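Subject: A structure for you to look at

Hi there,

Here is the structure I promised to pass on. Please open it alongside this note and have a look around before reading further.

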Amino acid sequence: MLASPLVTADDLSEIKERGVLRHIGVPYANFVSYIKTEEFESLSGLDVEIVKGFAKSLGVKYQYVPAQWDTVVGKLNGQNALYLNSEIVLGEKSPIEGDIIANGVTVLDWREELADFSIDYFPSAVWLVARSDSTLTPIKPSGDINKDINLVKKLIKNKDVLAMEQSCLDPHLYNLYDTGANIILPEPGRKLNEMVPAILNNDAETTLLDVADTLIALEKWPGEIKVIGPISQDQRMAAAFRKNSPKLRHAFNQYLTKIRKDGTYQKLIEKHYPSVFYFYGDYFSESNEADL
């Protein structure tokens, strides 16, 4: 069910009274997969299943609110916001259409100024990925993430690197303009899942890519790409809430803790990201308690 524009900014009690939890999502990786045509509509993904389960636990209906990266904040807070040149730039006012953003959202400092995040439930990082015919060679991990990042940054001097502002692949977040790399920003409207097809089409030799998209890309294009090494420190993904919805965030944290303990969460990860355990087995074996 899709949403019509609303202007209410509610917390838990108002949502229960309304009887609907509105999930704002941007189609991305296996977190949110959304296809809609005149004759067909499909909605699936890890975050879709998590938020649907959360809605059920609250005793309310689930409603999906489609968004794009440049509109998602506005649909939550009522005002669009962009991260430009290392600063938050507030945009136009927007109707509040949803209660929770969940689509593999990386927790970043600038985003924490605009929303409050749940406890994290998926690991991430930004890696440099290249075509298999690139002259770049994957680094040998040293055991020191800072050394590895510096080594990768040295390798990209004078190299074409595809990046994307307003996302976790924003070159400003990692000081990539200081590396001597030729940073290429995609044409407007390009989606995160189109970064690998772009380098395969020779738009650039390399691209930034986060863990989730990299795992999917390695399965989708076997032998055509390679991971050179890390560009960022370890990152985490979580759901985002308005800062005036603390009780809703608290309830979501409780729900996450419950499904971690009863095995539901593990089954969802195995379903949507089976290969992530090879890279982040420790993350999923740890007992992550909610910050209640």
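Below is what turned up, going from the core to the helices and then the salt bridges.

A word on the basis: this is a predicted model, in which local features need pLDDT of at least 70, side-chain atom pairs count only at pLDDT 80 or more, and totals for chains, interfaces and linings use all residues. Residues are numbered from 1 along each chain as its sequence is written, and side-chain values use heavy atoms, with hydrogens and water left out.

The largest nonpolar core (buried Ala, Val, Leu, Ile, Met, Phe, Trp, Tyr and Cys joined through side-chain atoms within 4.5 Å) has 94 residues, and those touching the most other members are L21, F31, Y121, F122, L128, L208 and F252. Helix α2 gives the most to this core, with seven residues. Helices here are DSSP runs of H or I with at least four residues, strands are runs of E with at least two, and both are numbered from the N terminus.

Helix α2 covers residues 46-58. Its buried residues (under 20% relative accessible area; exposed is over 50%, partly exposed in between, with a 1.4 Å probe and protein chains only) include L46, I50 and F54. Just after α2, G59 has a positive phi of about 80°. Helix α8 (residues 246-262) ends in a similar setting for you to inspect: G263, just after it, has a positive phi of about 95°. Among the buried residues of α8 are L248, F252 and I259.

Two other residues may catch your eye. A29 has a positive phi near 45° although it is not glycine, and N158 has one near 70°. A29 is buried, at 14% relative accessible area, while N158 is exposed, at 65%.

Finally, the whole structure holds 10 salt bridges (a side-chain nitrogen of Lys or Arg within 4 Å of a carboxyl oxygen of Asp or Glu). One of them joins R242 and D99 at 3.5 Å, N to O, linking parts of the chain 143 residues apart. R242 is buried at 3% relative accessibility, and D99 is buried at 0%. Both belong to a salt-bridge network with R18 and R22. D116 and K243 also pair, at 2.7 Å, across 127 residues. Within α8, K258 and D262 are about one helical turn apart because they sit four residues apart in the helix, and their closest N and O atoms are 3.1 Å apart in a salt bridge.

Happy exploring!

Technical notes:
Expected span 1.5 Å × (residues − 1).
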